[in-house]
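Dear colleague,

Please find the structure below, handed over for your own work. A summary of what was found in it follows.

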Amino acid sequence: MDELQELYRQVILDHNRNPRNFGELADATRVVAGVNPLCGDKMTLYVKVGDGKIEDIRFQGTGCAISVASSSLMTERVKGLPVDAALQLFEKVHDLLTGPREHEPAADLDKLAALGGVREYPSRVKCASLGWHALKSAVADDAATNVTTE
Ligand code: ZN
């Protein structure tokens with residue numbers, strides 16, 4: 001395992017063991033439930049959108065290390081971002097997870113590049129993308145309240 005992969009592994013382990021922004025958000029303006037039936041991951045995403053920005057965001061749920069770490073990394077990164085920027089980030093992460101392998105991770109993904117390791121494991125892609133799909137649903141104009149990564 002090279003140094004970068006080891007660093008990425010540490011990021012995932014850290015965010016799984018100690019998820020950021022974990023819990024309910026009482027004044028959420030959008031609440032989205034996400035399920036990945038293939039793995040059994042379940043999460044609820046609470047987002048407070050105001051002034052075109054993600055003012056606050058939290059999540060809770062149960063799932064495998066990848067799904068929890070990915071949701072944790074997502075909330076940490078998008079909190080305070082304009083909705084447009086969060087949607088652009090969704091596209092970059094989506095490309096990282098599912099795009100052609102020769103794509104280098106977008107430079108500004110930073111720690112989120114750690115999620116790219118799941119490309120080697122197709123069944124894990126849905127674990128890593130669950131929180132991101134919930135985010136997209138939560139901030140889209142036609143906000144859905146349930147997402148399934150099937
Ligand atoms: Zn999973």
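Two strands are said to pair if DSSP finds at least two bridges between them. By that criterion β2 and β3 pair in the antiparallel sense, over nine bridges. Please note that the model is a predicted one.

**The sheet**

β2 and β3 form a hairpin with two residues between them, and Asp 51 in the turn has a positive phi of about 60 degrees. Within this pair, Leu 45 of β2 stands opposite Phe 59 in β3. The hairpin belongs to an open sheet of four strands, ordered β3-β2-β1-β4, whose pairing is mixed. β3 and β4 (146-148) stand at the edges with a single partner strand each, so one side of each is left without a neighbour in the sheet. On average, neighbouring strands are turned by 20 degrees against each other, direction ignored.

β1 and β4 run parallel and are joined by three bridges. Val 35 stands opposite Thr 148 in β4. Helix α4 packs on the sheet, where it touches β1, β2, β3 and β4; the direction of α4 makes about 30 degrees with that of β2.

**The helix pair**

Helix α4 (residues 122-139) also packs against helix α2 (residues 65-78), at an angle of about 35 degrees and with the axes 8 Å apart. The crossing of α2 past α4 is right-handed. From α2, the contact is made by Ile 66, Ser 67, Ser 70, Ser 71, Met 74 and Val 78; from α4, by Arg 124, Cys 127, Ala 128, Gly 131, Trp 132 and Leu 135. By class, this contact has seven nonpolar, four polar and one charged residues.

**The zinc site**

Cys 127, named above in the helix contact, is also one of the residues that coordinate the zinc ion. The donors are Cys 39 (SG), Asp 41 (OD), Asp 41 (OD), Cys 64 (SG) and Cys 127 (SG), at 2.2 to 2.6 Å. In sequence, the donor residues are spaced C-x1-D-x22-C-x62-C. Cys 39 lies in the loop between β1 (30-36) and β2 (41-50), and Cys 64 in the loop between β3 (53-62) and α2, so the pair ties together parts that are 25 residues apart in sequence.

How do these two cysteines, Cys 39 and Cys 64, stand as to accessibility? Cys 39 counts as partly exposed because its relative accessibility is 33%, whereas Cys 64, at 14%, counts as buried. The cut-off that decides the latter is 20% relative accessible area, under which a residue is buried.

With kind regards

Conventions. Residues are numbered from 1 along each chain as its sequence is written. This is a predicted model: local features need pLDDT of at least 70, side-chain atom pairs count only at pLDDT 80 or more; totals for chains, interfaces and linings use all residues. Side-chain values use heavy atoms; hydrogens and water are left out. Axes are lines fitted to C-alpha atoms, for helices over the stretch in contact, and angles run from 0 to 180 degrees between N-to-C directions. A crossing is left-handed if the near helix is turned anticlockwise from the far one by less than a right angle, and right-handed if clockwise. Contact means heavy atoms within 4.5 Å. Ala, Val, Leu, Ile, Met, Phe, Trp, Tyr, Cys and Pro count as nonpolar, Asp, Glu, Lys and Arg as charged, and the others, Gly among them, as polar. Donors are N, O and S atoms within 2.8 Å of the metal (3.2 Å for Na, K and Ca); water is not among the atoms, so sites may look incomplete. Buried means under 20% relative accessible area, exposed over 50%, partly exposed in between (1.4 Å probe, protein chains only).
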